[in-house]
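User: Hello! I am new to this structure and would like to go through it with you, one question at a time.

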Amino acid sequence: MAHTHDHHHDHHTNKRVLRVSLALIVSFMLVELVGGLLTNSLALLSDAGHMFSDAAALALSLAAFHFGARAGSRSKTFGYKRFEILAAALNGMTLLLIAVWIFYEAAGRFSRPPEIATKGMLAISILGLLVNLFVAWYMHKGGDTEDNINMKGAYLHVLGDLLGSVGAITAAILMMAFGWQWADPLASVVVALLIAKSGWGILKTTVHILMEGVPTDADYDEVAALIAETEGVEAVHDLHIWTITSGIHALSCHIVVNGDLHVSEAEQIVNELTYRLQHKNISHVTVQTESRAHNHGDHLLCDIGDIHRGHHHHAH
């Protein structure tokens, strides 16, 4: 029992770490937002944008822990596990929009640099750096930033944010020392690139998952071979591998076994298969056993079009 208790404890620790980090980052994001408007610094505003992307990542991870725990119902058999993916897709789009806005603003500022209150900008960006350093240290110390995909993503966001604060500090110093007004829009463009990169990455991943794509950490052919090699399996077809939510993969397939086996013997083959697949990080396995006399095609990938043409009357 100790093991499951431990896991539960991790879960709570992760949630607590996320909550504290989120509170710190959101409050500082607001400071940077107001500071950026008062000092007229785009670098601060874009760092606030980056902080927003952090806050979104943290809030998502929290929501994922929260919703992931909700049980399935008759109308939603997987519960709310997909919620995390939908929210992430939305997050990715928002980040891209923020980045576009910063690029647009920066373009105007390169040609007509406004007056910037550099002392205030420096003070706020140094504070920002300290907040980020603290959050990064706290997450690394308290949370499971190695194994949990949610925590790891949030942690990497915060590290990216450190760069944003460093950019704003550098820009403020350059403007104070040399009067280089273009340092501010330049720093903001660098941060916008970071934001766009993470937004695009999130969007790409989530679209792949929503399209029921094969998980990036599973190799389709390798899994097919693993199933075919299992003792008692004569052939495999209609193999689907997809992701329900980050870290939870599902698989369904039809396997052909000797038609003279007892149900319990066929079950043993399926159990062995399920056990092997769990080592490949595929936790949700559905297998249909068939004899040689099945009337489905032998294609590994099922041809869904066939069903619509009415050749097969089997439930798919």
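User: Is the crossing of helix 7 and helix 8 left-handed or right-handed?

Analyst: Happy to help, and please keep in mind that this is a predicted model. The axes of helix 7 and helix 8 come within 10 Å, and Val223, Leu226, Ile227 and Glu229 in helix 7 meet Leu273, Arg276 and Leu277 in helix 8. The crossing of these two helices is right-handed.

User: Are helix 7 and helix 8 roughly parallel or roughly antiparallel to each other?

Analyst: Their axes cross at roughly 150°. Angles over 145 degrees count as roughly antiparallel. Helix 7 and helix 8 are therefore roughly antiparallel.

User: Is Thr230 buried or exposed?

Analyst: Thr230 sits in the loop between helix 7 and strand 1 (235-245). Leaving aside neighbours within four places in sequence, Thr230 is in contact with Ile269, Glu272, Leu273 and Arg276. Its relative accessible area is 2%, and the cut-off for buried is under 20%. So Thr230 is buried.

User: Which residue's backbone oxygen does the side chain of Thr230 reach?

Analyst: The distance to look for here is 3.0 Å. At that distance, the side chain of Thr230 reaches the backbone oxygen of Leu226.

User: Which helix gives the largest share of the largest nonpolar core?

Analyst: This core has 34 residues, and those with the most contacts inside it are Leu18, Ile25, Leu58, Met121 and Met139. Helix 1 (2-39), helix 2 (42-68), helix 4 (118-142), helix 5 (149-178) and helix 6 (183-210) each supply at least two of its residues. The largest share, 9 residues, comes from helix 5.

User: How many residues are in the other core, which lies apart from that one?

Analyst: Ile227, Val236, Leu239 and Leu251 are among the members of this other core. Its residue count is 19.

User: What is the phi of Asn40 near?

Analyst: Asn40 lies in the loop between helix 1 and helix 2. Most residues other than glycine have a negative phi. Asn40 is a residue other than glycine with a positive value, and its phi is near 70°.

User: Where does Asn281 lie, and is this residue buried or partly exposed?

Analyst: Asn281 also has a positive phi, near 70°. Its place is the loop between helix 8 (263-278) and strand 3 (282-290). Its relative accessibility is 40%, and partly exposed covers values from 20% to 50%. Asn281 therefore counts as partly exposed.

Note on methods: Residues are numbered from 1 along each chain as its sequence is written. This is a predicted model: local features need pLDDT of at least 70, side-chain atom pairs count only at pLDDT 80 or more; totals for chains, interfaces and linings use all residues. Side-chain values use heavy atoms; hydrogens and water are left out. Helices (H or I, at least four residues) and strands (E, at least two) are DSSP runs, numbered from the N terminus. Buried means under 20% relative accessible area, exposed over 50%, partly exposed in between (1.4 Å probe, protein chains only). A polar contact is a pair of N or O atoms within 3.5 Å; within protein, one must be able to donate a hydrogen and the other to accept it, and residues adjacent in sequence count only if both atoms are side-chain atoms. Contact means heavy atoms within 4.5 Å. A nonpolar core is a set of buried Ala, Val, Leu, Ile, Met, Phe, Trp, Tyr and Cys residues joined through side-chain atoms within 4.5 Å. Axes are lines fitted to C-alpha atoms, for helices over the stretch in contact, and angles run from 0 to 180 degrees between N-to-C directions. Angles under 35 degrees count as roughly parallel, over 145 as roughly antiparallel, 65 to 115 as roughly perpendicular and the rest as oblique. A crossing is left-handed if the near helix is turned anticlockwise from the far one by less than a right angle, and right-handed if clockwise.
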